[in-house]
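Me: I should like to understand the reasons behind the terms used for a structure. May I put some questions to you about the one shown here?

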Amino acid sequence: MTLEVRDIVMNFGGFRALDGVSLTVPAGGLVGLIGPNGAGKSTLFAIMSGFQTQDAGAVLLDGRPLDALAAPARARAGLVRTFQVPREFRNLTVRQNLLAAAPGQTGENLLGLFFQPGRVAREEAVIARRAEETLRLLKLAPVADQPARQLSGGQKKLLELGRALMLDPRFVLLDEPFAGVNPVLIGEIVARIRELNAAGIGFLIIEHDLEALTRLVPYLAVLDRGRIIAQGGPDAVLTDAAVREAYLGGVA
Amino acid sequence: MTDLLQHVANGVVQGLFIGMAALAITLVFGIARFPNAATGDMMTFGAYAGLVAQQAANSLVLAGAVAILAGAVVALASHWLVFRRLAGRSVVSLLVASIGVAFMIRAVLGVVFGQAQAVFQVPLTRAQLYWGVRVTPLNLQISQVVVAALLVVFAVLYFTPIGRQMRAVADDRDLARVSGIRPERVMVALWLMAGAVAGLAGMMLGIKTVVAPEVGWEMLLPAFTAAILGGIGSAPGAVLAGLLLGVAQEVSTPFVGFSYKIAIAFLVMLGVLLVRPSGLFGRSESVR
Amino acid sequence: MSAYFVAIGIVSLIYMLLALGLTLQFGLTGLINFGHVGFFAIGAYTSALLSLQGVPLPLSFLAAAIVPGLMALPIGLISLRLRDDYFAIVTLGFSEVVRAVITNARELTGGTQGIPGIPRMYPGLTGLPAQLAVLATVGLVTLAAVWMIVRIARSPFGRMIQAIRDNEVAVKALGKDPARFKVQVLAVGAALAGIASAFYAHYITYIVPDQFIPLVTFYVWMAIIMGGASRISGAVLGTAILMAFLEGSRFVHDFLPGVSEVHMASVRIGIVGLLLIVFVIKRPQGLMGDTTQR
C-alpha cells in the first residue's frame, strides 16, 4: 500500500514547474517535502490530489494509476489533501465542518433524506461521535459550535487536518500544517500526527518550519526548480551540498 | 448562392453590432472581472442621446459624438457610484449590481422618452448591387463607422501607454500592480472606453433598426456569447466572434426563423462552454 | 375590500414559493440562478395546456412541478461545471430562450396572444369562498415548501450545499462531487417555481409571454436580497416587502392621476434597480441576515 508519483512533468505556458518528479511514500510512511518558494511543491500536491492534470507522468496508489479519477474520487480512494491557505466552510460551525467531511452519508441525498429518516439519524449519531473524538484530538472542542470563520489561522489549519481525518484516509497530503500555529500547539500537532501515523496513516508534509518538520519526519525530500534534488534522512539531506546550495541559498 | 451571400452580408452588419457590444463586455470582464449586464442598457442610453442630438442639431456626426460621450459618462458614473464600491466583493454582488444599474438606466429612459419606438431621420437611399448582393449605402456607412471606431479602440489599446496598462491588468492584475500601474486610472480609462463603445454601438443599432427602451438589453445575450466565444478579455476575439455569430444568426434565419436568433446565440454559448467550461480561450483557474 | 386582501395574499404566496426556491438555490447553495422565470413559464404553460386538454388540475399541477424539475437536469448537467458568473449568464439566456419559444410556437402556446380561459381551481365555488379556497390551498403548499426547505437546510444535505456555497474546492477535496448536489437543488427550486406558476396560471386564468420577462426573476432576487438570502425568514420578509412595493406603486399611481401607467412601470423598474444596488452595497446580508457574516 504505497503512494507514488512517477516522472511528473508540468508546464505553465513556457515555464516548467515540475520536471520529472518521482517520489514514493510507503504505507504508513511519514515524509517531509521541502524546497524554496516556487519550487513546485503545491503544484505537485494539486496534481496528486487531482486538482490539476500533469502534462506527463503518473500518480499511483498501490500501483494503480489514479489519472482517470477526478479529485473527489481520489479523496474517496483514501488520498486526502489539505490546503496551504485554509479552505474552511466559513459559515458552518467547526463541528459542522467535520460532519460535512464524513463520507457515505445517506442524508446527503434528497431521496434518502426524506424516505429513510431512521437510517439518516443513525448515521448522524455515528459521525457525531467521530466528530467529537476529532474535536478532542485536535483541541478544537471549546470552539466546536463557533462559525469556522472566527477561528485563528492556526485553528483553521487544525480544522483542515480534522476534516481530512473524518474520511479515514490512508494517505494525507498536508500543505504547511504548522503555518500560523503557535509553538505549543505545533508540539501537539506533531504528537497527533505521530499517533495517527502509528495507526497506519501515511503522511506527505510540505512545511517551511524545518525545525518542527525534522522533529516529526524520518524522511525528507527536497524539491528545487521542479526536480527532486535530494532525499533521505533529515541529517543527511540537510547537510547535502546541493541542498545547502539550492535551498539555503548557499549562505551556510 | 446569392441568397447565402446576401445573408452573409446582412450578418456582417449585424455582427459588427454584436462585436462592439461584446468588445464593451469583454473589456470590463477582462479588467474589472465581472460580466456587466448593464452593457445593453448603456447602448440604449447612447442611442437615445444620439437621437436627441440629431433632432436638436440635425447632424448625424454630432449625434455620434453625443452618443459616444453619453455612453462614456453613464459608464464612468456607474463605476464611481456603484462598481468601485464593490471592489473585492464576490462576483454575484457585482452581477446583481450591474442588473440594478441596467434597470435604473432603462427606468430613466422610460420616464423621459416613454415606451414608444423612435427612429433616426436618415435619407432613404437605393440599395446598390455588389456581386449580386444588395447593400444599402446606409449599411455601408454604418459598417464604415463601426470599423473606424474599432480601429480607434485597438489603436488606443495597442499603441498608447494607458492601453498597454489596460492589457497588462487584464493579463495579470497582481503583476500589473507590482509593476507600478495605478489601478484606478486604468479603471477610469476602461469605463470611458467601454461606455463610449457601447454608446456608439447603440446609436448605430438605432439607426439601422429603431430606438426603443429594450434594444440594448436584447443584444446582451448575443454579446455575452461573442465575448465568451472570443475568449474573455480578448478584444480582437470579441469582435471576430461577434462577426461570426452575426453571420451564423443570419445564415440560419431561413431555417429556424427570424425570432429564434436568440436561441442560436444561446446554443452557440452552450456549445462553447461545453467544450471549454472557462471559455474558448479563457484561462483555466489553478487550485493551489 | 377583503377580496382585495385575499387576492394580495394569493399573489404573495406565489412569490413566496418562488423566493423559497431561490433561497435554496442561491442563499444556501450559492447558485446564481438568473433564469428563475424560465422555469416559472414552463410550469405555467404546462399546467395551462394540460388542463385545457381536460387533464384534472391535481395532475396538471403535478406536471407543472415535474416538467420544470426535469428541465433543470440538462441545464444543470451542462452548466454546473461552469464558473458562477457563467452560470448566471446561461440561466438568464435560458429564460430568454424559453420566452422566445413560447412567443413563437403559436400553434401550441398561442404566441403573443397567450392562452386565455385557463380553468379556475374549485369551479364549484364562486366569489369570496372560491378565492379563500385558493388562498388556503396555496397557503398549505407554501407551508409544506417551508417545512421541506427547513428540513433540507438542517440535514446532512443542507450542510453540504452550504459547504459548497462557502468553498466548493474544499468540498471536492473531501471526496464529494458538488455537481451532484447542485443538480438536485436546481431541480427542487425549478419544481417549486413550477408549482407557483400553476397556481398563478389557474388563478389569473390567462397567460402571455410578457408575464415571463426577466424582471420577474429580479423581483424575486430583490425580495431575497432585501430579506436576507441565507435565511428562510429572509424569503418571507422579503416577499412581504416586494408585495408592499408592487401594490404600493399601484396605489401611488391611483393617487397621482398625472402619472401614466407606462411611466409608473419605468419608475417601478428603477426602484427595483436602486434597491438591488443599495442592498448589495450597504447590506448584502439582508435585513434578517447575520451581521457578523460577510
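Me: What makes strand 6 and strand 10 of chain A the edges of the open sheet of six strands?

Reply: In this predicted model, the sheet has the order 6-7-8-3-9-10 in chain A, with mixed pairing. Strand 6 (79-81) and strand 10 (227-232) each have a single partner strand, so one side of each is left without a neighbour in the sheet. Neighbouring strands are turned by 20 degrees against each other on average, with direction ignored.

Me: How do you know that strand 9 and strand 10 of chain A are paired?

Reply: Pairing requires at least two bridges between the strands. Five bridges join strand 9 (residues 219-224) of chain A to strand 10 of chain A, and therefore the two count as paired. The two strands run antiparallel. Val222(A), for instance, has Ala230(A) in strand 10 as its bridge partner.

Me: Which strands of this sheet does helix 1 of chain A lie across?

Reply: Helix 1 (residues 41-48) lies across strand 3 (30-34), strand 6, strand 7 (171-175), strand 8 (202-206) and strand 9 of chain A. The helix runs at about 150 degrees to strand 7 of chain A. Angles over 145 degrees count as roughly antiparallel, so this term applies to helix 1 and strand 7 of chain A.

Me: Why are strand 2 and strand 5 of chain A called edge strands?

Reply: They belong to an open sheet of four strands in the order 2-1-4-5, with antiparallel pairing. Strand 2 (15-25) and strand 5 (64-65) of chain A each pair on one side only. Within this sheet, strand 1 (residues 3-12) and strand 4 (residues 56-61) of chain A are joined by five bridges, and Val9(A) stands opposite Ala56(A) in strand 4. Helix 1 of chain A packs on this sheet too, touching strand 1, strand 2 and strand 4, and its direction makes about 115 degrees with that of strand 1.

Me: How do you know that the radius of gyration of chain A agrees with that of a compact globule?

Reply: A compact globule of 252 residues would have a radius of gyration near 18 Å; chain A has 19 Å, which agrees. Buried residues make up 46% of the 252 residues in chain A, where buried means that 20 or more other C-beta atoms lie within 10 Å of the residue's own.

Me: Why are helix 3 of chain A and helix 7 of chain C called roughly perpendicular?

Reply: The axes of helix 3 (residues 94-101) of chain A and helix 7 (residues 156-166) of chain C cross at roughly 105 degrees and come within 10 Å. The term covers 65 to 115 degrees, and the two helices are therefore roughly perpendicular to each other. Gln96(A), Leu99(A) and Ala100(A) meet Arg159(C), Met160(C) and Ala163(C) there. By class, this contact has four nonpolar, one polar and one charged residues.

Me: What does helix 7 of chain C give to the side of chain C that touches chain A?

Reply: In this interface, 19 residues of chain C are in contact with 26 residues of chain A. Helix 7 of chain C gives the most to its side, with seven residues. That side divides into eight nonpolar, six polar and five charged residues.

Me: Which element gives the largest share of the side of chain B that touches chain C?

Reply: Here 39 residues of chain B are in contact with 36 residues of chain C. Helix 4 (91-113) of chain B gives the largest share of the chain B side, 17 residues. By class, that side has 29 nonpolar, eight polar and two charged residues.

Notes
Residues are numbered from 1 along each chain as its sequence is written. Chains are lettered from A and ligands numbered from 1 in the order in which they are written. This is a predicted model: local features need pLDDT of at least 70, side-chain atom pairs count only at pLDDT 80 or more; totals for chains, interfaces and linings use all residues. Axes are lines fitted to C-alpha atoms, for helices over the stretch in contact, and angles run from 0 to 180 degrees between N-to-C directions. Two residues are in contact if their C-beta atoms, placed from the backbone, lie within 7 Å. Ala, Val, Leu, Ile, Met, Phe, Trp, Tyr, Cys and Pro count as nonpolar, Asp, Glu, Lys and Arg as charged, and the others, Gly among them, as polar. The radius of gyration is taken over C-alpha atoms; the globule rule is 2.2 Å times the number of residues to the power 0.38. A residue is buried if 20 or more other C-beta atoms lie within 10 Å of its own, exposed if 12 or fewer, and partly exposed in between; C-beta atoms are placed from the backbone. Angles under 35 degrees count as roughly parallel, over 145 as roughly antiparallel, 65 to 115 as roughly perpendicular and the rest as oblique.
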